[in-house]
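Reader: Hi! I'm in my first year and still learning to read protein models. Could you take me on a close look at the empty space inside this one, and at the parts around it?

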Amino acid sequence: MSELILEAVDLEYSYPDGTKALRNVNLQVHKGEKLAILGSNGAGKSTLFMQFNGIFRPNSGTIKYQGEDISYKNKALIELRKKVGIVFQDPDSQLFSASVWQDISFGPLNLGLPEEVVIERAKQALIDTETTDLEDKPTHLLSYGQKKRVSIAGVLAMEPDVIIFDEPTAGLDPRHSKEFMLLLEKLSLEGKTIILSTHDVDLAYFWSDKMAIMFGGEIIAHGDPGELFRRPEIVKQADLTLPWLIEMHSELVQKGWLPPSTPLPKTREDLFRSIPAKNDKAG
């Protein structure tokens, strides 16, 4: 098994008004893993993310990075945030420079990198997020979708080992959502550990290696996406729907078009390939 890179151990957290946001959260994230976290609004996903890079400090329990408890001293937090980057759901909370170029290059500059390295990283982040045409634009004139892509570029330019995306496709049109998923695949192939939260069960199912389901500040299930979606009590408790691939597979099995032993399809191509093959055999 690959090494652990991030871990939440017995995590408890309440907001100043007394709202209990996290309850005994335990979660292990392995290096190079693609982890999707599902849950309705208020389930605790964003709060957990802000624990992972030290923005919030737990009331009890610990966050570990590469097996060591994280430190909340200023210098240690700066080092942690070089390695664990977060793209927030609301891009306005992340963009603060006057222009797109200034915003994307700010992080690498703060790392003390040579100017040529900063330029190289910023240009690559612009290319990866299809924002090269926005380079000189003031950030306050960007559309919501453009701000979203620029905020992603700013984190990519830091080249962290772990990248956390909070509802990354919210507000993106279908083309840019598809481009974003291709970017995630590229980052994964480069060895990045990727964690994302989403309401999109189809995205979570086909994309992730592992899935965690949160409800009421707790992780109520963690494991293989196909196995979790086959547990109706978990799906019902978390107010989730089934991915269409699993629904379609179930319907085809019930109608006798596929034998019950047919593996769950991970992609639509898997499903389409299985249908004619089984029908030809039956005929």
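Author: Happy to! Searching the whole structure, which is a predicted model, turns up 1 cavity of 30 Å³ or more. Rolling a probe the size of a water molecule over the atoms is what shows where empty space is left. The volume of the largest cavity comes to about 90 Å³.

Let's go around its walls. The lining of the largest cavity is made up of D128, T129, E130, R149, I152, L172, H176, E179, F180 and L183. Two elements, α5 (144–156) and α6 (174–189), each give two or more residues to this lining. The largest contribution is from α6, with 4 residues. Sorted by class, the lining holds 4 nonpolar, 2 polar and 4 charged residues.

D128 is a good place to start, as it takes us to another helix. D128 lines the cavity and also belongs to α4, which runs over residues 115–128. With its 14 residues, α4 reaches 20 Å from its first C-alpha to its last, close to the 20 Å expected at 1.5 Å a residue. Now see which way its residues face. V118, R121, A122, A125, L126 and D128 are buried in α4. They all sit on the same side of the helix, because the arc they cover around the axis is only 165°. An α-helix has 3.6 residues a turn, so residues three or four places apart point the same way. On the other side of α4 you will find E116, E120 and I127, which are exposed. The cover over the buried residues of α4 includes α3 (100–110), α5 and α6. Just after α4 comes E130, with a positive phi of about 55°; E130 is also one of the lining residues.

Next, α5. K148 is found in this helix, and K148 counts as buried because its relative accessible area is 1%, under the 20% cut-off. Leaving aside neighbours within four places in sequence, K148 is in contact with Q89, P91, D166, E167, P168, A170 and L172. You have met L172 already, since L172 is in the cavity lining.

Last, α6. S188 has its place in this helix, and at 15% relative accessibility S188 is buried too. Not counting residues up to four places away in sequence, S188 touches G32, K34 and I194. I194 also gives us a distance to try on the model: from K148 to I194 is 46 residues in sequence and 17 Å in space, C-alpha to C-alpha.

Note on methods:
Residues numbered from 1 in each chain as written. Predicted model: local features only at pLDDT ≥ 70, side-chain atom pairs only at ≥ 80, totals over all residues. Heavy atoms only, no water. 1 Å grid on protein atoms, 1.4 Å probe; cavity = no way out; pocket = protein on both sides within 12 Å on 5 of 7 lines; lining within 4 Å. Points joined across faces, edges and corners; volume = space filled by probe spheres on them. Nonpolar A, V, L, I, M, F, W, Y, C, P; charged D, E, K, R; others polar. Expected span 1.5 Å × (residues − 1). Buried < 20%, exposed > 50% of the residue type's maximum accessible area, 1.4 Å probe, protein only. Arc of directions from axis to C-beta. Contact = heavy atoms within 4.5 Å.
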